[in-house]
Amino acid sequence: MTDIAALKSARHAPAHTPGEVEDVQGRADTRRIPINRVGIKDIYHPVKVKDRSAGEQHTIANFNMYVNLPHNFKGTHMSRFVALMNTYSEPLSAATFAAWVRGMLTRLDATEGRIELSFPYFINKLAPVSGVSSLMDYEITLTGNAKENNVTTSSCSSFPRRTLYSLSSCCLK
């Protein structure tokens with residue numbers, strides 16, 4: 001066999017079992033270059049949020065999810081982030097959010113990670129003069145950072161724009 005024929009046959013030979021997709025991202029990376037942040041951004045996904053008056057409230061959250069990649073990993077499958085969002089079935093609370101951040105590190109085999117999500121949250125309010133009830137929307141932003149087993153979370157809320165003043169409040173936990 002000539003060198004050219006050998007190269008052609010090697011190029012077309014499968015590197016894995018037929019019907020199976022090779023995990024290129026799972027290969028060892030010999031370049032020894034860590035990546036500080038890899039992930040997904042601006043993914044909208046339905047979530048349930050704990051609600052004092054109704055038990056839970058259904059809404060849509062905008063997710064940003066990132067992890068670090070140690071020098072020995074070539075990459076990560078972005079679909080794992082979306083698959084992780086699909087496992088979030090219990091209503092969102094401070095405790096479940098911290099668990100989501102921890103779970104992302106475990107699922108993606110990372111030592112550091114961050115989840116940012118924002119969503120509209122509605123509260124039924126009575127008008128002070130007329131007593132008419134209406135829903136007021138608040139924009140809630142949650143941020144969770146994890147490094148190994150240490151998780152810190154923060155939350156911010158923007159008050160309704162239909163008031164005389166637009167206010168914001170942030171809280172670190």
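These exercises work through a predicted model.

**Exercise 1. Confidence**

Determine which element of the chain has the lowest mean pLDDT and which the highest.

Solution.
- Start with the whole chain: pLDDT averages 79, and 73% of the residues score at least 70.
- Then go by element. Helix 1, residues 3-12, has the lowest mean, 46. Strand 2, residues 55-69, has the highest, 93.
- Next, check residues 6-14. Their pLDDT stays under 50, and the model gives them two contacts beyond four places in sequence.
- Where pLDDT is low, predicted coordinates should not be read in detail.

**Exercise 2. The salt bridge**

Find the side chains that meet in a salt bridge, and state whether Glu116 is buried or exposed.

Solution.
- The structure holds one salt bridge.
- Its partners are Arg114 and Glu116, with N to O at 2.5 Å. The cut-off is 4 Å, so the pair qualifies.
- Glu116 has a relative accessible area of 18%. Buried means under 20%, so Glu116 is buried.
- Arg114 comes out at 24%, so Arg114 counts as partly exposed.
- In general, side chains of opposite charge can pair when their charged atoms come close.

**Exercise 3. The ring cluster**

Trace the ring pairs around Tyr88 and classify their geometry.

Solution.
- The structure holds four aromatic pairs.
- Take Phe63 and Tyr88, one of the pairs: the centres are 6.3 Å apart and the planes make 25°. Planes under 30 degrees apart count as stacked, so this pair is stacked.
- Now place the two residues. Phe63 is in strand 2, and Tyr88 is in the loop between helix 2 (79-86) and helix 3 (94-107). They are 25 residues apart, and the pair links distant parts of the chain.
- Check burial. Phe63 is buried at 0% relative accessible area. Tyr88 is buried at 11%.
- Move on to Tyr88 and Trp100. Their ring centres lie 3.8 Å apart with planes at 5°, so this pair is stacked.
- Trp100 sits in helix 3, so the pair ties the loop holding Tyr88 to a part 12 residues apart in sequence. Trp100 is buried too, at 5%.
- Finally, assemble the cluster: ring pairs link Phe63, Tyr88, Phe97 and Trp100.

**Exercise 4. Ser130**

Locate Ser130 and identify what its side chain reaches.

Solution.
- Ser130 lies in the loop between strand 3 (112-126) and strand 4 (133-147).
- Its relative accessibility is 52%, so Ser130 counts as exposed.
- The Ser130 side chain reaches the backbone nitrogen of Val132 at 3.2 Å.

**Exercise 5. Charge over a ring**

Identify the residue that lies over the face of Tyr66.

Solution.
- The residue is Arg37, at 4.0 Å from the ring centre.

Methods
Residues numbered from 1 in each chain as written. Predicted model: local features only at pLDDT ≥ 70, side-chain atom pairs only at ≥ 80, totals over all residues. Heavy atoms only, no water. Buried < 20%, exposed > 50% of the residue type's maximum accessible area, 1.4 Å probe, protein only. pLDDT = per-residue confidence, 0-100. Helix = DSSP H or I, 4+ residues; strand = E, 2+ residues; numbered from the N terminus. Contact = heavy atoms within 4.5 Å. Polar contact = N/O pair within 3.5 Å; in protein donor to acceptor, adjacent residues only side chain to side chain. Phe/Tyr/Trp six-rings, centres within 6.5 Å; stacked < 30°, edge-to-face > 60°. Lys NZ or Arg CZ within 6 Å of the ring centre and 35° of its normal.
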